[in-house]
Amino acid sequence: MVDGVLVLDDVHRDEDYEESFHPFLDDFVRRHFWSRARDRAIVRAVRSSLGVLRGRAVLDVGCGVGSVLSALERAGMVGYGFDTSLRGLGFARRRV
């Protein structure tokens, strides 16, 4: 935690994924057990660090297709996402 901000670092560069990969990734994070379990683990870790999440704001830098951001919003946070991939942001916008 830095100055009251919890930092979760998962670095992805835009060149990490070809644009055609985003539909697959979107489907994967929505349906695959590993992705759903990871999202729940992240919510538990954030809740453990911050306590009550309802009404708190979160900025997900490198939000990709928005899976983690969506999980944090379902937990009551107000989410904002940032990513260098416009295609990924399109999927994130539909999710959250």
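This passage describes a nonpolar surface patch, a pair of aromatic rings and a charge placed over a ring in a predicted model.

On the surface of the model, the side chains of L59, V61, V78, Y80 and F82 together make a nonpolar patch of about 510 Å². Two strands contribute to this patch, since strand 1, which covers residues 57-61, and strand 2, which covers residues 78-82, each supply at least two of its residues. The largest share belongs to strand 2, from which three residues of the patch come. Among the residues of the patch is V61, whose place is in strand 1. V61 counts as exposed because its relative accessibility is 52%, and the exposed class begins over 50%.

Aromatic rings were examined next, and a pair of such rings is described by the distance of the centres together with the angle of the planes. The count comes to one aromatic pair under the rule applied here. This pair is formed by F28 and W34, whose ring centres lie 6.5 Å apart and whose planes meet at 40 degrees, an arrangement that is classed as tilted. With regard to accessibility, F28 counts as partly exposed because its value is 25%, and W34, at 45%, is likewise placed in the partly exposed class; buried residues would have to fall under 20%, and exposed ones would have to lie over 50%.

A further contact with an aromatic ring involves a charged side chain, for R94 lies over the face of F91, at a distance of 4.6 Å from the ring centre.

Technical notes
Residues numbered from 1 in each chain as written. Predicted model: local features only at pLDDT ≥ 70, side-chain atom pairs only at ≥ 80, totals over all residues. Heavy atoms only, no water. Patch = residues over 30% accessible without salt bridge, like charges linked within 9 Å, V, L, I, M, F, W, Y side chains within 5 Å. Areas by Shrake-Rupley, 256 points an atom, 1.4 Å probe, with all protein chains shown as cover. Salt bridge = Lys/Arg side-chain N within 4 Å of Asp/Glu carboxyl O. Helix = DSSP H or I, 4+ residues; strand = E, 2+ residues; numbered from the N terminus. Buried < 20%, exposed > 50% of the residue type's maximum accessible area, 1.4 Å probe, protein only. Phe/Tyr/Trp six-rings, centres within 6.5 Å; stacked < 30°, edge-to-face > 60°. Lys NZ or Arg CZ within 6 Å of the ring centre and 35° of its normal.
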